[in-house]
Amino acid sequence: MFKEKFHEGIISAKQFDRDDIEFILKKGSEMLKIKNSNVLEGKILATLFFEPSTRTRLSFESAMYRLGGNVIGFQTEDVSSVKKGESIADTIRTVENYADCIAMRNSLEGSAKLASRFAKIPIINAGSGSGEHPTQALLDLLTIKEECGKIDGLNIGIVGDLKYGRTVHSLSILLSNYDANLYFISPRDLSLRNRYKDYLIENQVKFKELVNYRNIIESLDVLYMTRIQKERFVDMEEYEKVKSSFIFTEDDLEKTKETFKLMHPLPRVTEIEPSVDKHKDKAVYFKQTGYGLAMRKALLAELLMD
Ligand code: CP
């Protein structure tokens with residue numbers, strides 16, 4: 001059923017209803033216990049990354065190998081024929097002859113949706129400009145579910161670049177399926193765009209917008225820190241003004257609940273002090289990358305298994 005519903009791939013978090021999320025979280029949880037299998041033997045994943053990545057590309061590739069499949073692809077635009085002027089449409093029409101699924105990252109916001117229009121195989125949106133990053137949001141929910149035991153009823157703060165941060169957009173959309181209290185914390189110029197706020201309002205999500213987390217830190221169950229997305233700024237002076245807006249410290253961590261979890265999609269720049277890393281019961285952002293592998297194994301298995 002999942003395979004049929006998502007036969008065009010995973011383009012947006014909006015494709016997921018609560019049953020879909022619960023299904024894939026269960027599969028992700030099962031994958032935490034399965035290191036290697038051969039369920040995708042004979043299948044090929046193409047990873048087309050027109051923008052840099054460490055976690056998303058490597059976890060998709062590792063997931064494919066750990067399930068018995070193979071991977072082809074490129075890591076930068078420079079080594080593909082896009083450099084010679086080839087369109088996304090022609091690239092997809094070509095690569096679909098070589099693979100069973102395509103994971104694509106591109107700086108254009110609608111790139112994954114565009115690619116899915118030309119593809120006969122599933123397209124996975126591995127990050128589309130400052131739009132969405134749905135598989136990151138699914139692994140974020142797996143992290144919350146595994147670390148907190150539930151999602152409903154939690155107080156969740158989301159901090160940083162809410163305007164350009166694609167992980168935030170997809171996570172907010174997925175969280176609208178749950179009864180959580182959301183706090184969006186950002187500099188005013190980097191607040192969540194109206195299109196996402198309108199979506200949350202339409203879905204009756206309880207949320208507040210703040211410019212600092214320090215007044216609510218004691219009540220939070222989860223704080224999801226994000227990087228200010230330097231690469232999306234046209235004016236570097238504007239970036240300089242906001243780049244150090246939030247720096248989470250050990251003092252902040254001391255004020256949190258016993259069960260509090262600090263998350264981050266990574267990469268981190270300066271927004272969490274390295275001294276926080278050693279508090280592994282609360283600072284779960286590196287553990288989160290492991291949940292990412294499990295979630296991507298679950299997604300690939302459900303999309304591609306015969
Ligand atoms: N979280 C995330 O998308 O990381 P990468 O940019 O390293 O893939």
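A helix is expected to span 1.5 Å times one less than its number of residues. Keep that rule in mind as we walk through this structure, which is a predicted model.

Let's start with helix α6, which runs over residues 134-148 and has 15 residues. From its first C-alpha to its last it reaches 21 Å, close to the 21 Å expected. How much of α6 is covered? The helix is mostly covered, with 12 of its 15 residues buried. Among the buried residues are Pro 134, Thr 135, Gln 136 and Ala 137, and also Leu 138, Leu 139, Leu 141 and Leu 142. Polar side chains appear in the buried set as well, including Asp 140, Thr 143 and Glu 147. Just after the helix comes Gly 149, and its phi is positive, near 85°.

Part of the surroundings of α6 is another helix, α2. Two packed helices are described by the angle between their axes and the distance between the axes. For α2 (residues 18-31) and α6, the axes come within 10 Å and cross at roughly 70°. An angle from 65 to 115 degrees counts as roughly perpendicular, so α2 is roughly perpendicular to α6. On the α2 side, the residues that meet α6 are Ile 21, Glu 22, Ile 24, Leu 25, Gly 28 and Ser 29. Their partners in α6 are Leu 138, Leu 141, Leu 142, Lys 145 and Glu 146. The helix repeat is worth recalling here: an α-helix has 3.6 residues a turn, so residues three or four places apart point the same way.

Now turn to a second helix pair, α3 (residues 55-66) and α11 (residues 285-304). Their axes come within 8 Å and cross at roughly 55°, and α3 and α11 are therefore oblique to each other. The crossing is right-handed. From α3, the contact draws on Arg 55, Thr 56, Ser 59, Phe 60, Ser 62, Ala 63, Met 64 and Arg 66. From α11, the residues are Thr 289, Leu 293, Arg 296, Lys 297, Leu 300 and Leu 304.

Two other residues of α3 deserve a look. Glu 61 lies in this helix; is Glu 61 buried or exposed? Because its relative accessibility is 14%, Glu 61 counts as buried. Beyond its neighbours within four places in sequence, Glu 61 is in contact with Thr 47 and Val 71. Tyr 65 also lies in α3, but at 46% relative accessibility this residue counts as partly exposed. With the same neighbours within four places left aside, Tyr 65 is in contact with Asn 70 and Val 71. For a sense of scale, the C-alpha atoms of Tyr 65 and Asn 212 are separated by 42 Å, the two residues being 147 apart along the chain.

Finally, the aromatic rings. How many aromatic pairs does the structure hold? There are 12 aromatic pairs. In one of them, the rings of Phe 233 and Tyr 239 have centres 5.5 Å apart and planes at 70°, so the pair is edge-to-face. Both Phe 233 and Tyr 239 are buried. Phe 248 and Phe 260, in turn, form a stacked pair, 6.4 Å centre to centre with 5° between the planes. This pair links distant parts of the chain, 12 residues apart: Phe 248 sits in the loop between α9 and α10, and Phe 260 in the loop between α10 and β10. Phe 248 is buried, with a relative accessible area of 0%, and Phe 260 is buried with a value of 0% too. Elsewhere, Phe 2, Phe 6, Phe 16 and Phe 23 form one aromatic cluster.

Methods: Residues numbered from 1 in each chain as written. Predicted model: local features only at pLDDT ≥ 70, side-chain atom pairs only at ≥ 80, totals over all residues. Heavy atoms only, no water. Helix = DSSP H or I, 4+ residues; strand = E, 2+ residues; numbered from the N terminus. Buried < 20%, exposed > 50% of the residue type's maximum accessible area, 1.4 Å probe, protein only. Phe/Tyr/Trp six-rings, centres within 6.5 Å; stacked < 30°, edge-to-face > 60°. Axes fitted to C-alpha atoms, helices over the stretch in contact; angles between N-to-C directions. Parallel < 35°, antiparallel > 145°, perpendicular 65-115°, else oblique. Left-handed = near helix turned anticlockwise from the far one by under 90°. Contact = heavy atoms within 4.5 Å.
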